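Biologist: I am new to this structure and would like a close look at a single part, the strands and how they pair. Please then carry on to the empty spaces and the helices, so that I can find my way around.

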Amino acid sequence: MRGGTKFAIVLVVLMMIAVATTTTFAANVSYDHRALVIDGKRRVLISGSIHYPRSTPEMWPDLIQKSKDGGLDVIETYVFWNLHEPVRNQYDFEGRKDLVKFVKLVAEAGLYLHLRIGPYVCAEWNYGGFPLWLHFIPGIKLRTDNEPFKAEMKRFTAKIVDLMKQEKLYASQGGPIILSQIENEYGNIDSAYGPAAKTYIRWAASMANSLDTGVPWVMCQQADAPDPMLKLLGEMVPNMINTCNGYYCDQFTPNSNKKPKMWTENWSGWFLPFGGAAPYRPVEDLAFSAARFYQRGGTFQNYYMYHGGTNFERTTGGPFVATSYDYDAPIDEYGLLRQPKWGHLKELHKAVKLCEEAMVATDPTITSPGPNLEVSVYKTGSGLCSAFLANVGTQSDATVNFGGSSYKLPAWSVSILPDCKSVALNTAKINSMATIPRFISQSLKDDVSSSEAFKSDWSWVSEPVGISNNNAFTKPGLLEQINTTADNSDYMWYSLSTEIKGDEPFLQDGSQTVLHVDSLGHVLHAFVNGKLAGSEKGNSGNAKVSLNAPITLVPGTNKFDLLSLTVGLQNYGAFFDKTGAGVTGPVQLKGLKNGTTVDLSSKQWTYQVGLKGEGLRLYTGDSSVWMSKPTLPTKQPLIWYKYTEFQRRLQVWDIENRRWDLRYLEDQSSDTYTEKAKLLIQTNFDAPAGDSPVAIDFTGMGKGEAWINGQSIGRYWPTYASSSSNSGCTNSCNYRGSYSSNKCLKNCGKPSQVLYHVPRSWLKSSRNTIVLFEEMGGDPTQISFATREITSLCSHVSESHPLPVDMWTSDQKTGTKHGGALVSLECPLPNQVISSIKFASYGNPRGTCGSFSHGRCRSAKALSIVQKACLGSKSCSIGVSRDTFGDLCVGVTRSLAVEVSCT
């Protein structure tokens, strides 16, 4: 529907007062064909995803504030069912799971919230967010018209809605929640479920609306999202908005002209798989996609992700999704601003907001003045006018004649003219500074001047090969892993002892035997007679494993122990819940010379779910079974490690006070005490100094899981490297043209992830405990801590760049005056100042931040001018002006490139 016709769907009219600790928001949220309507006013809204469990409560306020500072109006988050209800009817909303606290912090910052309940979320999250106990309910079929599933889905959805209502967090109650989502990207796979898909999705929409949240519901990627009709104010109105997900949604149209054009996931990058290169998305392209969406009538856009965070514990899905969920987001995994992405998007948001009044008043009039060119104008009868000029070509810059003026448009860019005259921003021209973050290594060991006895050390426990727990059981044949473990552990042992007669042909002819094992994945370690015979792994494209390991058998009893493990459960696709794992066979012995094959698949196998060390809770570091002598085993499989600081101490029974007393060896020699004294090795280290984010560098380790003070920082796998032949591997990817997840890649041929985030709040100032379970073999003495530091600030701005948006004024044509553009730099931390100028060049400098070089045309005054303007200051701005630097290089578009450091 065109023009200003308004079909307002008024959902709630009752005003309520929010709790004192929460900002009071609008109580009336509705929508029409143009936009969400909040308190009777259409809004252009900019949103960003932050998943609360992928960071810590201590990080939330800063992340939310940085989102607000970046120009966001809304925070979007999923709700993770398996996180909150790991056991049926047993709920957990503590710590990183404190959803209510997260929503209240969003409210306190003055932002709105979009609550995507799902409860299927995908999100590269283990099992798509579903709790695995669903799988074992008799007769259940997930995500279809199935009564057992619908009953559980409704129960959990209602639980979350009721929790939000109890805390008065919906906008209808004065809270920040203006939208809720039911289901998630079901339209991508619903055809696989046949006719039952349509009845299921209609039921889901009706069920959601029956919960009476007082705010609109959305379904993403659901072109046939139904409209449960509600009678409000005497009128039957729909209440289910279908929305778009993807890298580009400018061509998306909602399924009703009574609904606004909304984009729930603009992918800011892509996730990292173990064994894959790191994807990144140039900000010029991300800004282009967002601007194109607003250009073509969109009024709600969400960045997925705005802060990606970390997959702590065993929360990754995939399988093979890495522990880092950085996603190349505007706020990085560690909570630092990713520049220039954050800053350039902030400028874009300001420019879009300058157009808001015109945008919400009418639909755009769209014309094409030439090939690959598009002009969209929002113009009202009262004289308001805003325009978006786009060059969607990927090769050539273009000039657009509009409103009696000419505008130069770089390829694959959008210029925004809030007054239909003056350019406030072009998506391909970045004014924002760039930063270079680096990890600065710090040794685990403290500087200790005392004797060798007090220096750092490691203690360890060997994980037994094969069956070691009393919960082991025997079954004929091979069992699928997930049905057996219920995902209570990554690990499952398959164990078999079998007799090999001395006259077997493959013993008689002296040839080696091959152990052949087929598995659904994801990783397999095969031990024969207690020794590692071979390992094999799948990948994110194919989780299945086929192992062929040469082995030597002996006459008599031979023992086969297969350790199968998962690396996150499937989270996407039709019937993803039916994807299995583990050794399903065949398991065979094959003679190399005589072709003899012995199939072991149907024999009596003994099974053990999980590791002995898991049962002993070794990850807490508190067990008494740790050893420190004779020597530290390294590069051996199945070892638990615990870091030991120089603080050796005695635990002594105080007879008089009847208690254990802890005394440090620095104070008292161990031979002073009686035989009741027990020497313990206390395993701890000091946290890195300062406030910078912390990571562990796992160089030297193989694969496993790590815990800090009992908190799992996730799986580590620094030995799984990406292919060196990826065609998209480049540090300067061309932003022009459609983006895909394999277009722009970094770290090809290198380990996918070596550094792993340790939240500062999980560290104590001293006496911290680190525990590792190493399954493949590594050397823990090689690991180190690192802090993430900003080592350089850069900016490269040409004289053709628009002014910063804050300086935009109507009728100020870009480039018509010398020195309109500015280079602006600001140290990222309080109390920092610019201490050195690493590079400064005016003319035609080349390169990117960290690798600038002078061009043939350069001003001799550039360095001294920048030094005078910036040294000793927290921030500085320098006009890109020939009046300042000299009128040189006639016929060349001049630019200023600067790199500085702060201390």
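**Strands, spaces and helices**

Modeller: Strand S27, residues 513–519, pairs with S30 in the antiparallel sense, and 7 bridges join the two. The model is a predicted one. One bridge of this pair can be picked out by residue: Val517 has Leu547 in S30 as its bridge partner.

The pair belongs to a wider arrangement. It is part of an open sheet of 4 strands in the order S30-S27-S33-S34, with antiparallel pairing. Strand S30 (545–551) and strand S34 (597–599) are at the edges and have a single partner strand each, so one side of each has no neighbour in the sheet. On average, and with direction ignored, neighbouring strands of this sheet are turned by 20° against each other. As general background, the strands of a sheet pair through backbone hydrogen bonds, and the pairing is either parallel or antiparallel.

Strand S28 can be followed through its partners. S28 covers residues 523–528, and 6 of its 6 residues are buried, so the strand is largely enclosed by the rest of the structure. Both faces are covered: one side has Val523, His525 and Phe527, the other has Leu524, Ala526 and Val528, and all of these are buried. One partner of S28 is strand S29 (residues 531–537), joined to S28 in the antiparallel sense over 6 bridges. Within that pairing, Val523 has Lys537 in S29 as its bridge partner. S28 and S29 make a hairpin with 2 residues between them, and in the turn Asn529 has a positive phi of about 55°. S28 also pairs with strand S31 (residues 556–565), which runs antiparallel to S28 with 6 bridges between them. There, Leu524 stands opposite Ser564 in S31.

Elsewhere, strand S3 (residues 41–43) contains Arg42. Arg42 counts as buried because its relative accessibility is 11%, and the cut-off for buried is under 20%. Asp32 is 10 residues from Arg42 along the chain, and the C-alpha atoms of the two are separated by 8.5 Å.

Now the empty spaces. Rolling a probe the size of a water molecule over the atoms shows where empty space is left. The second largest pocket holds about 1500 Å³ of space. Its lining has 49 residues, and those closest to its centre are Lys66, Leu337, Cys827, Pro828 and Leu829. Several elements supply at least two residues each to this lining, among them helix H1 (60–69), helix H7 (341–354), strand S46 (784–798) and strand S47 (822–826). H7 gives the largest share of the lining, 5 residues. By class, the lining of the second largest pocket has 21 nonpolar, 15 polar and 13 charged residues.

There are also 2 cavities of 30 Å³ or more in the structure. The largest cavity has about 50 Å³ of space. Its lining is made up of His344, Glu347, Ala424, Leu425, Asn426, Lys429, Asn431, Pro802, Leu803 and Val805. H7 and strand S22 (425–426) are the elements that give two or more residues to this lining. The lining of the largest cavity divides into 5 nonpolar, 3 polar and 2 charged residues. H7 thus appears in the lining of the second largest pocket and in that of the largest cavity.

The second largest cavity has about 30 Å³ of space. It is lined by Tyr491, Leu611, Glu614, Trp640, Glu705, Trp707 and Phe773. By class, its lining has 5 nonpolar residues, no polar ones and 2 charged ones.

Two helices complete the tour. Helix H6 (residues 283–295) has 13 residues, and from its first C-alpha to its last it reaches 18 Å, close to the 18 Å expected at 1.5 Å a residue. H6 is mostly covered, with 13 of its 13 residues buried. Just after H6, Gly297 has a positive phi of about 100°.

Helix H5 (residues 195–210) has 16 residues, which should span 22 Å at 1.5 Å a residue; its end C-alpha atoms are 23 Å apart, which agrees. The buried residues of H5 are Ala197, Tyr200, Ile201, Ala204, Ala205, Met207, Ala208 and Asn209. In general, an α-helix has 3.6 residues a turn, so residues three or four places apart point the same way. H5 is followed by Asp212, which has a positive phi near 55°.

Terms used. Residues numbered from 1 in each chain as written. Predicted model: local features only at pLDDT ≥ 70, side-chain atom pairs only at ≥ 80, totals over all residues. Heavy atoms only, no water. Pairing = 2+ DSSP bridges. Axes fitted to C-alpha atoms, helices over the stretch in contact; angles between N-to-C directions. 1 Å grid on protein atoms, 1.4 Å probe; cavity = no way out; pocket = protein on both sides within 12 Å on 5 of 7 lines; lining within 4 Å. Points joined across faces, edges and corners; volume = space filled by probe spheres on them. Nonpolar A, V, L, I, M, F, W, Y, C, P; charged D, E, K, R; others polar. Expected span 1.5 Å × (residues − 1). Buried < 20%, exposed > 50% of the residue type's maximum accessible area, 1.4 Å probe, protein only.
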